[in-house]
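The following report walks through one protein chain, from its overall make-up to its cores, a helix pair and two loop residues. Please keep the sequence and the model in view while reading.

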Amino acid sequence: MSRTVSSWILSSARNGFVLQRKGCSYSVCVPNRHKIKWKLVFSKTFLYPAGSCSLDNTFSLKKAFRHTSTEEEEFSFQLSPSQINDILRAGELSHKILDLNCKSSSSVLKFESNQLASNSPIEDRRSAATCLQTRGMMFGVFDGHAGSACAQAVSERLLHYIAVSLLSRKTLEEIELAVECMKPVMPILQLHKHPNDVEYREITSQYFESLRVYWQHLLDLDTESGFSLEEAMTCAFKRLDSDISLEVQAPQENELMRSTALQVAFSGATACVAHVDGVHLHVANAGDCRAVLGVHEEDGTWSTLPLTRDHNAYDESEIKRLRREHPRSEEKTLFVNDRLLGILMPSRAFGDVQLKWSKELQHNVLENSCDVEALNIYQYVPPNYHTPPYLTAEPEVTYHKLRGKDKFLIIASDGLWEMLSNEKVVKLVAGHLTELTVQKPQLALEKPVNLGYMHNLLLQRKNRGIASLDQNIATHLIRHAIGSNEYGEVDQEKLAAMLTLPEDLVRMYRDDITVTVVYFNSETIENYYRNN
């Protein structure tokens, strides 16, 4: 980014008309304001994001320094390359799948993940887990809005709901018996977490009780065959969203649990979860996170295979679905300015009870709750709110049978896809794989090794201009998403500017970004077809 562009970013914020809210400034000079999922709505005498949550302060993730206001006198966009790397790599997570012989017999070779905050604190969440009582692995990305509370709850709970849905009746009975006898319960998931990943430890018991009620419901169904994977994922999504709604309506003596339930229900989150078992890949999506497969064709080229579609006003199928579910008289008011009821960009999400409950229920819950204003939660009924619910968490589930040429799966929040196309993302991952492969032989030293040989190696690296690669592919994607210039190359000055934008400005230029890339084991997949 040139100094001219950097100066324009700063002056556009300083010269824009500014609205004040409790000491924070919001400029209306917003280049990308259509990307902000929840519109700001007015109540009383101040401005606030509908459903925003004060609990966010409790779950602040470690973030790099950036300016807090465009009004600072000493304002600089400069960062050293090492500072840039420290910021970009702070949220890196990677895990390689190995068996007891240090080999991978799984169709998943490894996964790499990373996050970069725009909101303070970040509203995105991610999850990854290995199923212990059934087969397979799960990977999830969750994009929160109006606060991080709902995304946090969904990231902790959804994979467990899916895992329980896949358990046999016999296993469910064993787990229920263990709970009744107050014996240890067999684990159903092995979670793969980043050290900075947070969780609602104080309300784990409530979450466990809700999960138990769910598996008791599954036992009451008295079905021996159980769910298919598609049914399990759909049922888990819908049941968790229902529990989020019911928990906030239930009487609660513990004030922390009560306030948490309120914030979870009145914020929202979109979700995309992939389940991989051998060659069987299922992706469940509700909202505008996205999953894209990178395919290496026989002629050596790379192609993209989208496994999700964005659920919003730009998708004709979503528009038709909502029109089927509501009276014809509401056709023109379902989407206003490309938002659901003029409020929300995604048309499927967890939480967001303001767009699911009746006016009466919303009023009753908030009337009987203490200190809702302290939590920044207020009743807001959009215009033309006649036949709720308008929003659903029911996912669209896609099945794909993996082939040897399917090399990797990218799951990411819309913060990535707003910056890069599907094709560009696959190209970047493929190029990164190629660069790593090309550089590997350089590490194999000839014997005997002498100073002349080492000197020549170093000269070759310098002459070819090889910079140190990001070892984590998710970091590589985030670097390009926020730092690429018009030629598709990373501009260090632009990258530094995008990382140092102040909190009252950064959301206008980029969203939270969460990326998980799953690499497939082609040998294991090809062996499956040879053996079958």
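The protein chain holds 15 helices and 19 strands, where helices (H or I, at least four residues) and strands (E, at least two) are DSSP runs numbered from the N terminus. The model is a predicted one, in which local features need pLDDT of at least 70 and side-chain atom pairs count only at pLDDT 80 or more, while totals for chains, interfaces and linings use all residues. Residues are numbered from 1 along each chain as its sequence is written, and side-chain values use heavy atoms, with hydrogens and water left out.

Of the 532 residues in the protein chain, 54% are buried, meaning under 20% relative accessible area, with exposed meaning over 50% and partly exposed in between (1.4 Å probe, protein chains only). The accessible surface, computed by the Shrake-Rupley method with a 1.4 Å probe, comes to about 25100 Å², and 52% of that belongs to carbon and sulfur atoms.

The largest nonpolar core (a set of buried Ala, Val, Leu, Ile, Met, Phe, Trp, Tyr and Cys residues joined through side-chain atoms within 4.5 Å) has 57 residues, of which Leu 158, Phe 237, Leu 262 and Phe 350 touch the most other members. Helix α3 (residues 149–166) supplies the largest share of this core, eleven residues. Another core, of 34 residues, lies apart from it and includes Leu 416, Leu 499, Leu 505 and Val 515.

Leaving aside neighbours within four places in sequence, Phe 237 is in contact (heavy atoms within 4.5 Å) with residues including Leu 158, Ile 162, Phe 350 and Pro 395.

Leu 262 also takes part in a helix pair, for Arg 258, Leu 262 and Phe 266 in α7 meet Gln 362, Val 365 and Leu 366 in α9. Helix α7 (residues 255–266) and helix α9 (residues 359–367) pack at an angle of about 150°, with their axes 12 Å apart, the axes being lines fitted to C-alpha atoms over the stretch in contact and the angles running from 0 to 180 degrees between N-to-C directions. Therefore α7 is roughly antiparallel to α9, a term for angles over 145 degrees.

Two loop residues can be set side by side.

| Residue | Loop | Relative accessibility | C-alpha separation |
|---|---|---|---|
| Met 508 | between α14 (492–500) and β19 (513–520) | 7%, buried | 9.3 Å to Ser 118, 390 residues apart |
| Gly 147 | between β8 (137–145) and α3 | 4%, buried | 9.1 Å to Ala 269, 122 residues apart |

How values were computed: Parallel < 35°, antiparallel > 145°, perpendicular 65-115°, else oblique.
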